[in-house]
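Me: I'd like to learn how to read a structure like this one, feature by feature. Could you take me through it?

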Amino acid sequence: MTDTDDTDAESIRANTPGRGIRPEAETIEPAAPDEFGLVQVWWGDGKGKTTAAMGMGFRAAGHGYRVHMLQFMKGGADSVEAVRGEYNAIAAMPGFSYENLGHYGWAGMRDGSDDTDHEKQADAGLERARELLDAAGDADLESPLPLDGVPEDGVHLLILDEILYAVAMGLVSESDVLDLIDRKPDALELVLTGSHEEPTYLTDVADLVTNVRKVKHPIDAGQRARKGAEY
């Protein structure tokens with residue numbers, strides 16, 4: 001091999017993630033992110049918004065960062081069982097926690113659930129989100145946080161799942177969501193999901209906006225939610 005070949009090979013390695021070394025799993029230890037602090041928005045009529053947010057949560061937790069997911073409305077339909085695969089996985093993951101303020105049914109769908117109860121759940125979710133953001137503001141997010149600590153002691157990544165659906169259904173106001181973003185401490189990564197309607201009120205304040213667009217969905221052919229795929 002010539003000196004030129006050696007130089008070219010080294011250049012390729014230098015521009016390859018991890019310098020071409022295959023990554024291996026490591027023990028998860030408490031750590032703090034160096035570059036967190038953005039606002040992410042995931043919306044659209046396609047499947048996968050919550051899945052993407054949880055995927056980021058697992059990735060962050062895998063690096064030892066503290067992650068929490070607050071779900072506003074994840075009741076679903078009668079085809080979905082009370083125990084979800086994602087909850088089992090989160091419970092087994094160090095540094096990742098969740099809470100769910102939803103219940104069976106959807107607001108305005110005449111499915112037997114009470115719309116007043118949906119409104120109360122949304123109000124409780126909004127207040128809880130404020131508490132979590134304020135707690136993150138009081139924490140030192142530039143330092144590792146205990147993986148078994150409670151979210152009231154601060155988190156590095158906060159997922160507000162389905163909050164944008166709550167806005168679209170009139171249960172939470174746009175100004176409420178904007179206020180949550182204003183409350184966000186600089187070092188906290190905030191992820192907002194939900195809504196088939198474009199949340200244009202967030203375009204100027206979010207750092208990342210992703211439209212998860214449906215091309216084809218088996219539900220249109222009558223396929224119900226499947227265990228292990230949708231819940």
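Me: Let's begin with pockets. Which classes of residue make up the lining of the second largest pocket?

Reply: The general idea is that rolling a probe the size of a water molecule over the atoms shows where empty space is left. Keep in mind that this is a predicted model. Here the lining of the second largest pocket splits into three nonpolar, three polar and three charged residues.

Me: Which residues line the second largest pocket, and what is its volume?

Reply: One run of the lining is Pro23, Glu24, Ala25, Glu26, Thr27 and Ile28, and Arg59, Gly62 and His63 complete the list. The volume of this second largest pocket is about 230 Å³.

Me: Now the overall build. How many helices and strands are there in the protein chain?

Reply: The protein chain has six helices and six strands. Read from the N terminus, its elements follow the order α-β-α-β-α-β-α-β-α-α-β-β.

Me: And which numbers describe burial and surface for the protein chain?

Reply: The protein chain has 231 residues, and 43% of them count as buried. Its accessible surface is about 12900 Å², with 48% of that belonging to carbon and sulfur atoms. You can add a contact figure to this: among contacts between residues at least 6 apart in sequence, 80% join residues at least 24 apart.

Me: Let's zoom in on a strand. Which way do the residues of strand 1 point?

Reply: In a regular strand the side chains alternate between the two faces of the sheet. In strand 1, Val39, Val41 and Trp43 point one way, while Gln40 and Trp42 point the other way. Strand 1 spans residues 39-43, and five of its five residues are buried.

Me: What about strand 5: are its residues buried or exposed?

Reply: Five of the five residues of strand 5 are buried, so to speak "mostly covered". Glu189, Val191 and Thr193 point one way from strand 5, and Leu190 and Leu192 point the other way.

Me: Which strands does strand 1 pair with, and in what sense?

Reply: Strand 1 pairs with strand 5 (residues 189-193) in the parallel sense, over four bridges. Strand 1 also pairs in the parallel sense with strand 6 (residues 208-211), again over four bridges. To find the register, look at single partners: Val39 stands opposite Leu190 in strand 5, and Val41 has Leu192 as its bridge partner in that strand. In strand 6, the bridge partner of Val41 is Val209.

Me: Where does strand 4 come in?

Reply: Strand 4 runs parallel to strand 5, and four bridges join them. A useful residue to click on is Leu158, which stands opposite Leu190 in strand 5.

Me: Next, backbone angles. Which residues other than glycine have a positive phi?

Reply: Among them are Glu162, with phi near 70°, and Ser195, with phi of about 80°. Glu162 lies in the loop between strand 4 (157-161) and helix 5 (163-168), whereas Ser195 lies in the loop between strand 5 and strand 6.

Me: Why do Glu162 and Ser195 count as buried?

Reply: Buried means under 20% relative accessible area. Glu162 has 4%, so it counts as buried, and Ser195 is buried too because its value is 3%.

Me: Now a glycine. Where is Gly64, and which residues does it touch?

Reply: Gly64 is in the loop between helix 2 (49-62) and strand 2 (67-71). Its relative accessibility is 0%, so Gly64 counts as buried. Leaving out residues up to four places away in sequence, Gly64 touches Ile28, Glu29, Pro30, Ala31 and Leu147. Gly64 and Gly95 are 31 residues apart in sequence, with their C-alpha atoms 6.8 Å apart in space.

Me: One last residue: where is Arg183, and what does it touch?

Reply: Arg183 sits in helix 6 (residues 174-183). At 31% relative accessible area, Arg183 is partly exposed. Not counting residues up to four places away in sequence, Arg183 touches Arg130, Leu133 and Asp134. You can also check the C-alpha atoms of Arg183 and Ala129: they are separated by 9.9 Å, and the two residues are 54 apart along the chain.

How values were computed: Residues numbered from 1 in each chain as written. Heavy atoms only, no water. 1 Å grid on protein atoms, 1.4 Å probe; cavity = no way out; pocket = protein on both sides within 12 Å on 5 of 7 lines; lining within 4 Å. Points joined across faces, edges and corners; volume = space filled by probe spheres on them. Nonpolar A, V, L, I, M, F, W, Y, C, P; charged D, E, K, R; others polar. Helix = DSSP H or I, 4+ residues; strand = E, 2+ residues; numbered from the N terminus. Buried < 20%, exposed > 50% of the residue type's maximum accessible area, 1.4 Å probe, protein only. Contact = heavy atoms within 4.5 Å. Areas by Shrake-Rupley, 256 points an atom, 1.4 Å probe, with all protein chains shown as cover. Pairing = 2+ DSSP bridges.
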